[in-house]
Amino acid sequence: MWAFIAVLVLSPHAASADTITPERIAAALSKFELLAEGVVKDGAVPGLAIGVVHGDEVIFLKGFGHREAGKPEAVDADTVFQIASLSKPVSATIVAALVSERIVSWDAKIVDLDPAFRLAEPYPTSELTVRDLFSHRSGLPGTAGDDLEDIGYDRAEILRRLRFVSPSSSFRAGYSYSNFGLTEGATAAAKPTGKSWEEVAEEKLYRPLGMTSTSSRHADFIKHANRAALHVKIDGVWAAKVKRDPDAQAPAGGVSSTARDLSQWVRLVLGNGVYAGETLIAADALDQTHVPLMARGKNPVSGGESFYGLGWNIEFGRHGLSWGHAGAFSVGARTLVTLFPEEKLGIVIVANAFSTGVPEGLSESFADMAFDGKVEKDWIKAWDDAYASLFGPAVAAAKATYAAPPSPARPAGPASAYEGRYSNDFIGDAIVSSAGDALVLKVGPAGARSYSLKHFDGDLFLTFPDAETPDRPSGVGFDIGPDGKASAMTIEFLDDNNLGTLRRVGD
C-alpha cells in the first residue's frame, strides 16, 4: 500500500540512485562547504557541525564557527551538542535493537511493561502500546508534562501525573507530538532488561557503534570540555545565557552527541541494521520505525507529504522518499537528520542556537545540489521565515494582551487576600507569599521555581516565566471568595491543558 502511495506523491524529477554518483556528491560537497562557512560567517548561528554519509562511508565531517559566541574555541567534528528532539529517532533505533533481540515488541502493551502507568481513561490505558507512544497517537496532548518539567519535577513524577491530563483526541485517532508520551514508551520498553534507559542506550547503540562522546545523561554532557553552549538572540546578538538539563525526557530530548558519532548511527540506519558488515539490528525490527503511521500534512516549506512513523518523520517530496527528524530547544539548540534511503545518502546537522532555520536550509540546499546539481531557492531564508512565523506571533500576542492595564486600573487587594497555599493533582502545591512590597509565587517540588508577581489590574498579576523570552508576560489571576480571600488561582503559563487552576488549601 505505502509503496503505491509513494509512487503517487514522488516528485516527477526525483533522481534515481544511479544519478547520485560519487562525482556528483563530491561536486555538491565543495559548494556545500562554502555555503556552511558563509552561514556561520554571516552570524546565522554561532557554530554548527555536519556529517554526510553515502553508502556505508562518512564522506564529509566538519565543524564550523564557535562553541560559544564571543569565545575563541572552535567547533569541530568532536564537539558535543545537545541534540534535543533528534533524540527521538536515536531512541527508536535503541528500541528496535530491543525488538530485534525479542526483549520487547513494538506492540507490547504498556500495562504489561509498566503497570503503574495510566492515561486519563481506562480503555486507552489497557490497550496502549510502545508503537502508540512512539507514533504520538496515544491521545496525550503534545505539551503534557513539558510544563511539569519546566517547574522542576523529575521523570517518574511527570509520568505519574500524566493520568490527570485529558486527551486531545480519541485513542489512535489523532497525531499529537508528545515528549513525555515517547519517554514513557522508551522507558517502558527498557524495563524487561532490569536496567535504566540510559544504560540500555549505551549497551544497545552507543557502545557497539563506538559513539564514545554520546550519552543520554546530562551529567555526561557537562563533563566534556569540547561542548557547545546554547544560544538565543538578545537584542539581535547571540548570547549563551541559559543551560538546559533534559534528563526528565532523556529518550525524547536528552541525548548529547557529536557529528562524528551521529554519522555512525546514520551508517547503521542507512545500512538497515548492518554496521561495518555486521548485523546489529534485525532489518524487520528497524523497518517498523519507517512505516508511515500518522499523517502530518505537508512540509510547511518544501511542500512534501509528511507522515510520522516510530520516532521518524517520513516524507514523500521533491527528491523522493526521505526519513528525518528535527530537534530544538527554545533556550538555544537546533538539530536535524535527513536520510534518503533509496540513495543511501544521509546528512546530520547540529547547531548551537535557536531560533534558526539553518539546519533545514542547509539540508535542503545539499539535497538540491546532490540530486539536481543546483540549489532551487534560498532555503535558509525560507526556513528562517518559517521559524519566525511559528514563534514570533505568540510572543507578540502576549505582549499585546498585557501591553497596558485598563485606565484606570483597578487596585489590587491586600497581600493577605492572595497569600497562602494552593494545590491541584497535576501541578501539586503552589505557595503565594509576600517579599517586601511584592508577591512571589513558588511552584514545583519544594517550591523549586520562584516567580515575582507584578500587579496588572484588579486581581490579575503578571510574571515573566520564560528564560529565553524574558520580556514575554504571562498572567496569574485570583478568584476572590466572599471572605475577601482568594479561593483559587489560575497560572496561565501552566494552563495549556486546562490544568492551571489551583484551589486554596487551608486558610
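Select Lys344 to begin, and you will find this residue in the loop between strand E13 (333-340) and strand E14, where helices (H or I, at least four residues) and strands (E, at least two) are DSSP runs numbered from the N terminus. The phi of Lys344 is near 55°, a positive value in a residue other than glycine, and Lys344 is partly exposed, with a relative accessible area of 36% (buried means under 20%, exposed over 50% and partly exposed in between, with a 1.4 Å probe and protein chains only).

The model is predicted, so local features need pLDDT of at least 70 and side-chain atom pairs count only at pLDDT 80 or more, while totals for chains, interfaces and linings use all residues. Residues are numbered from 1 along each chain as its sequence is written, and side-chain values use heavy atoms, with hydrogens and water left out.

Go next to Arg102, in the loop between H3 and helix H4 (110-113); Arg102 is not a glycine, yet its phi is positive, about 60°, and Arg102 is exposed, with a relative accessible area of 74%.

From there, select helix H3 (residues 87-100) together with helix H10 (residues 197-206), which pack at an angle of about 80° with their axes 9 Å apart (axes are lines fitted to C-alpha atoms, for helices over the stretch in contact, and angles run from 0 to 180 degrees between N-to-C directions). That makes H3 roughly perpendicular to H10, in a scheme where angles under 35 degrees count as roughly parallel, over 145 as roughly antiparallel, 65 to 115 as roughly perpendicular and the rest as oblique. Among the residues in contact (heavy atoms within 4.5 Å) are Val90, Ile94 and Leu98 in H3, and Trp197, Val200 and Tyr206 in H10. By class, this contact of H3 with H10 has 10 nonpolar, 2 polar and 1 charged residues, where Ala, Val, Leu, Ile, Met, Phe, Trp, Tyr, Cys and Pro count as nonpolar, Asp, Glu, Lys and Arg as charged, and the others, Gly among them, as polar.

Now centre the view on Gln288, in the loop between helix H14 (283-287) and strand E9 (294-298). Gln288 is partly exposed, with a relative accessible area of 27%, and, not counting residues up to four places away in sequence, touches Trp106, Arg131 and Leu310.

Two cis peptide bonds can be inspected next. One joins Phe354 and Ser355, with omega of about -5°, and Ser355 has its place in the loop between strand E14 (345-351) and helix H15 (358-372). Another runs from Ser407 to Pro408, with omega near 0°, and Pro408 is found in the loop between helix H16 (379-401) and strand E15 (420-424).

The last stop is empty space. On a 1 Å grid over the protein atoms alone, a cavity is a set of points where a 1.4 Å probe fits but cannot get out, and a pocket is an open set with protein on both sides within 12 Å along at least five of seven lines, while lining residues have an atom within 4 Å of a point. Grid points are joined across faces, edges and corners, and a volume is the space filled by probe spheres set on the points. The largest cavity has a volume of about 50 Å³, and its lining includes Gln82, His218, Phe221 and Phe329. The second largest pocket has a volume of about 370 Å³; of its 19 lining residues, the closest to its centre are Glu68, Arg227, Ala228, Ala229 and Lys243.
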